[in-house]
Amino acid sequence: MFTNQLTFNQKYFYLTVLLFLIEVCIAVFIDDRFIRPFIGDVLVVILIYCFVKSFWKVRANVAALSVFGFACAIEGLQYLNLVDRLGLRQNKILATILGTTFDWKDILAYALGTAIVLVWESR
């Protein structure tokens, strides 16, 4: 039954690649107080959603809310200082992926990204 859920959706895959490239450009070329920390977090939720939809047939609301929950869980790990507790701060890639600083604005950004996905998919 699970194998019926596996699929390849070219549209979502291309969106995943495009959003990933945008995120890399933001990370490499932009160092500000709005685009990198806020817009980057809005986009990362959409990026992960598109990745999920690239390979699994799942309802939009289930995928979007699951991604939101995942993003909030990562933010919760930041609150618990997981990167420092595991001694990973020196590993730039893992520290960047997991994040190092808890911020309620990040959760707001994840919620906005989730809302964008849900509005887009309901049209």
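Here is a short walk through this structure, from the overall fold to its pockets.

Keep in mind from the start that this is a predicted model. Let's begin with the big picture. The protein chain contains six helices and zero strands, so if you follow the sequence from one end to the other, you read the pattern α-α-α-α-α-α. How far does the chain reach in space? Along its principal axes, the C-alpha trace spans about 40 × 30 × 25 Å. Another way to describe the chain is its radius of gyration, which is 15 Å. A compact globule with 123 residues would have a value near 14 Å, so the two agree.

Next, let's see how two of the helices sit together. Find H1 and H2 in the structure: their axes come within 8 Å and cross at roughly 155 degrees. Are the two helices parallel or antiparallel? Angles over 145 degrees count as roughly antiparallel, which makes H1 roughly antiparallel to H2. The crossing of H1 past H2 is left-handed. What kinds of residues make up the contact of H1 with H2? By class, there are 17 nonpolar, three polar and three charged residues.

Now for the empty spaces. Rolling a probe the size of a water molecule over the atoms reveals where space is left empty. The largest pocket in this model has a volume of about 1300 Å³. It is lined by 30 residues, and those closest to the centre of the pocket are Arg36, Asp41, Thr96, Ile97 and Gly99. Which helices build the lining? At least two residues each come from H1 (10-29), H2 (35-55), H3 (60-79), H5 (92-98) and H6 (104-122). H2 gives the largest share, with eight residues. Sorted by class, the lining of this largest pocket has 17 nonpolar, six polar and seven charged residues.

The second largest pocket has a volume of about 190 Å³. Which residues line this second pocket? You can pick them out in the structure: Lys11, Tyr12, Leu15, Leu19, Ile46, Tyr49, Cys50, Ile116, Val117, Trp120 and Glu121. The elements that give two or more residues to this lining are H1, H2 and H6. By class, the lining of the second largest pocket has nine nonpolar, no polar and two charged residues.

Putting the pieces together, H1 and H2 are worth another look: this roughly antiparallel pair supplies residues to the lining of the largest pocket and to that of the second largest pocket.

Notes. Residues numbered from 1 in each chain as written. Predicted model: local features only at pLDDT ≥ 70, side-chain atom pairs only at ≥ 80, totals over all residues. Heavy atoms only, no water. 1 Å grid on protein atoms, 1.4 Å probe; cavity = no way out; pocket = protein on both sides within 12 Å on 5 of 7 lines; lining within 4 Å. Points joined across faces, edges and corners; volume = space filled by probe spheres on them. Helix = DSSP H or I, 4+ residues; strand = E, 2+ residues; numbered from the N terminus. Nonpolar A, V, L, I, M, F, W, Y, C, P; charged D, E, K, R; others polar. Axes fitted to C-alpha atoms, helices over the stretch in contact; angles between N-to-C directions. Parallel < 35°, antiparallel > 145°, perpendicular 65-115°, else oblique. Left-handed = near helix turned anticlockwise from the far one by under 90°. Rg over C-alpha atoms; globule rule 2.2 N^0.38 Å.
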